[in-house]
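Please find below a colleague's note for someone opening this entry for the first time. The points are numbered so that each can be checked in turn.

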Amino acid sequence: MLFRVVLGPDNIRRLTVNEALDSVHQLKGILRESLQLTQDFEIQFEDPEFANELCNLSDISELPPEKATLKIINKAPELSDDVSSVSSLDTASVASSQSPTSYPSPSSMPLRRHENSEQWPSPFPIPQFSYDVELRLVKGNEVYRQNGTLLDVSREMKSNILNAICKSVFSYKAYPTKNELALVAAELVKKHPCLKDPSMGTCYDSWTMSLFYKVGNYRHKLKEAGCSEVSVNRRTPGKDGGKRLKRAKRCEVNFLPDIPAGQCQASLQLEKAALMEEMKKRHHNSTFISAKMEMTFSLRRKEIVDEEPLVADVLTQWPALFLEEQVYLEFYRITGVPLKDTFFSSLDEYAPKIIKLYRSRSGAFGEDLKSLLDKLDQKTTNVVLHRKTTALQGLPVFMRENTNSLFKSCLDTDVEDSNLRGTQMGILSVIEDDGATADTVNGNVRCFSVIIEEHIVVDDLPDLPTALALLFGLIYALNMKYPDELKYTFETLQKVFMHLDTNLSARVLSFRNKMLRM
């Protein structure tokens, strides 16, 4: 079936779907994968029965038989109206209430925000230049179309173009790769063909090199101006200049934000102290905590990224960061992507296909994968949840990594340091001690816990998917590196489940392609 998919006024795609469509959910999955959509969305279609007016698609049978025009409507995360109203410790006496995760308002933080949560847009939007430059480009493009004559670009004009593009680039990331800058240069000469290189090649090589050096100079200016995201990498005399560059590497759009306007280091420390006092109370005011966590985001990121504290120290200094709701909110602040919604939506879609893939390839992975599938076949209740759990437990096996370093188990009478020792990060299944052993197939799991650096940081979780989602969120919140023995497993969670980055390693790309064919 042929689709014309409208993503925006200047972004309309053509998509052919060869497989039979059975449901709207299936169509959503195909659109999300083919068009790299990361945000939750609704589908509208032009209904021929109503003169091609747009209608919401509620049943796949409503579509015309051969081709259709679809419009993607992104769902915005629900914003909390009362978070910003809480501004002092006096409100801490308000009773705490449990509510669904509400994401901070974009206007309340000086952070990067993009309407469709794109980490690096494709195609890159070339900004508007100054009036005189735009006028010269319009005339230059007309001459080029008439006789192929290229525009003679003055030094001042080139500087104006590069400065405008650098500002636009920085709105997405401070440290773009050379390949990304090449894509920007390609879009520049595509929009303004009169700017093509006169030499042979890609027609934009010189613009790529100019952008590369200009972005570096722009970062230097921002560093001198005190921009946190680049000044964190300032070399200190007398110290090792070969230290690891601190920059966004996993599609963080707010890696190290500056202090909000009207605040300073001292005022944020007072907010942090108020937050710590609230966490000492038996019953927490979740609204108050969310407001303070949002306000102190820049301070927290500076401490975590710049000082690289141990997790034990972060537990002491920022205990609220390890609350389940706050993990989701922190991940949204850093990436602009809702962790819970995106992760579980992908898991709902992929789990049946992953199980089919496991069954078709179980012989190639020894007893580990076969044992997981046998345990799944013995389940008679909560089969859907067990299917999702098995899909996630099998990832390290399928990636040929050490599954025992990620998933651990113990009896509820034996949750001791010996079960945590040596664990950099993992999920602990706590099994009721009713005469069973920690690895018994039918053992009744009481709860799940998240372990980081030999500490239980989040406990009493209802299921393994929730625990793994929180572990993934905390890796971002704590700016931690993926363990070497599990790097492909976490890359799969990041790039396949969370749709953060499309540059997949060969192993993860192979898994994704095989899974989608199931």
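**Notes on the fold**

1. Among contacts in the protein between residues at least 6 apart in sequence, 65% join residues at least 24 apart, where contact means heavy atoms within 4.5 Å. The model is a predicted one, in which local features need pLDDT of at least 70 and side-chain atom pairs count only at pLDDT 80 or more, while totals for chains, interfaces and linings use all residues. Residues are numbered from 1 along each chain as its sequence is written, and side-chain values use heavy atoms, with hydrogens and water left out.

2. The protein has 19 helices and nine strands; helices (H or I, at least four residues) and strands (E, at least two) are DSSP runs, numbered from the N terminus. Of the 518 residues in the protein, 49% are buried, a word that stands for under 20% relative accessible area, with exposed meaning over 50% and partly exposed lying in between (1.4 Å probe, protein chains only).

3. One open sheet has five strands in the order β2-β1-β5-β3-β4, with mixed pairing, and two strands are said to pair if DSSP finds at least two bridges between them. At its edges are β2 and β4 (53–56), each of which pairs on one side only. From one strand to the next the twist averages 30°; axes are lines fitted to C-alpha atoms, for helices over the stretch in contact, and angles run from 0 to 180 degrees between N-to-C directions.

4. How is this sheet held together, strand by strand? In general, strands of a sheet pair through backbone hydrogen bonds, either parallel or antiparallel. Strand β1 (residues 2–8) runs antiparallel to strand β2 (residues 11–16), with six bridges joining them, and the two form a hairpin with two residues between them; G8 has N11 in β2 as its bridge partner. On the other pairing of β1, five bridges join this strand to β5 (residues 67–74) in the parallel sense, and F3 has A68 in β5 as its bridge partner.

5. Strand β3 (residues 41–47) pairs with β4 in the antiparallel sense over four bridges, and F45 has C55 in β4 as its bridge partner. Helix α1 lies across β1, β2, β3 and β5, and runs at about 105° to β3.

6. A further open sheet has four strands in the order β6-β7-β8-β9, again with mixed pairing. Because β6 (407–411) and β9 (455–461) stand at the edges with a single partner strand each, one side of each is left without a neighbour in the sheet. The twist here averages 25° from one strand to the next.

7. Within this sheet, strand β7 (residues 425–431) and strand β8 (residues 445–452) pair in the antiparallel sense over seven bridges, and I427 stands opposite V450 in β8. S429 also belongs to strand β7. Is S429 buried or exposed? S429 counts as buried because its relative accessible area is 12%. Not counting residues up to four places away in sequence, S429 touches K408, S409, C410, V445, C447 and F448.

8. Helix α17 (residues 464–477) lies across β6, β7, β8 and β9, and runs at about 10° to β8. L468 has its place in this helix, α17, and counts as buried because its relative accessibility is 1%. Leaving aside residues up to four places away in sequence, L468 touches L392, I427 and L493. The C-alpha atoms of L468 and F343 are separated by 9.8 Å, although these residues are 125 residues apart along the chain.

9. A search of the whole structure finds three cavities of 30 Å³ or more, a cavity being, on a 1 Å grid over the protein atoms alone, a set of points where a 1.4 Å probe fits but cannot get out, with lining residues having an atom within 4 Å of a point. The largest cavity has a volume of about 60 Å³, where grid points are joined across faces, edges and corners and a volume is the space filled by probe spheres set on the points.

10. Which residues line the largest cavity? The lining consists of R32, E33, Q36, K495, V496, H499, D501, T502, L504 and R512. The elements that give two or more residues to this lining are α1 (24–35) and α18 (487–497). By class, the lining has two nonpolar, three polar and five charged residues; Ala, Val, Leu, Ile, Met, Phe, Trp, Tyr, Cys and Pro count as nonpolar, Asp, Glu, Lys and Arg as charged, and the others, Gly among them, as polar.

Notes. On a 1 Å grid over the protein atoms alone, a cavity is a set of points where a 1.4 Å probe fits but cannot get out, and a pocket is an open set with protein on both sides within 12 Å along at least five of seven lines; lining residues have an atom within 4 Å of a point.
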